[in-house]
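Me: I am new to this structure and would like to go through it slowly. Could you show it to me?

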Amino acid sequence: MPPLLRQVLRPLPLLPLQIALGAVLRGILRRHPHLFDRLGSHRGKRFGIKPTDLPFAFVIQAGPGQPQLAAVRELPTDVDAAISASIVSLLALVEGRLDGDALMFARQLVIEGDIEAVLALRNAIDDAGLDLVGEIAALSGPFGEPAQRLLAAARDSLLKSTTNEGGMRRWS
């Protein structure tokens, strides 16, 4: 993420982002209602996700009721596990486009706390085969098709520049 864009994002309120995140999570859960079932005994855990290049973070509460995804300025200290990487790497990990082990060994992904819970989350997400571009584009109503093409092109461009410069490899 360019430093200038990061500075522009810093003062923005989190409420619009929170609303969008809620809509994306509801869409994902509608299409993948058993997404968090694979967490097993880790179902009640709270996961902190910190994009290292954004001025905010996310907390996923994968509780037995309705799972929640919240945007926060800083990760709370009481999360069960914290995951940090660039936003491009985090999004690519969710879609299974990058190898998390390779990112960890390259020190581009940091995991703290309950590693077993993070592995359960990773397995649950991998099983779902999420397509974040498709999920976000689905919120665009009649503009879904052009939004999907635009978002996919942006994702692929960012991922290509990240994998070329950072030496990361695709998962499969």
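Reply: Buried means under 20% relative accessible area, exposed over 50%, and partly exposed in between, with a 1.4 Å probe and protein chains only. This is a predicted model, in which local features need pLDDT of at least 70, side-chain atom pairs count only at pLDDT 80 or more, and totals for chains, interfaces and linings use all residues. Residues are numbered from 1 along each chain as its sequence is written, and side-chain values use heavy atoms, with hydrogens and water left out.

Me: Is arginine 122 buried, partly exposed or exposed?
Reply: Arginine 122 has a relative accessible area of 25%. Because buried means under 20% and exposed over 50%, arginine 122 counts as partly exposed.

Me: With which residue does arginine 122 form a salt bridge?
Reply: A salt bridge is a side-chain nitrogen of Lys or Arg within 4 Å of a carboxyl oxygen of Asp or Glu. The closest N and O atoms of the pair are 3.9 Å apart, and both residues lie in helix α5 (helices are DSSP runs of H or I, at least four residues, and strands are runs of E, at least two, numbered from the N terminus). The partner of arginine 122 is aspartate 126.

Me: How far apart in sequence are the parts that arginine 38 and aspartate 127 tie together?
Reply: The side chains of arginine 38 and aspartate 127 meet in a salt bridge, at 2.2 Å from N to O. Arginine 38 lies in the loop between α2 and β1, whereas aspartate 127 lies in helix α5, so the parts tied together are apart in sequence by 89 residues.
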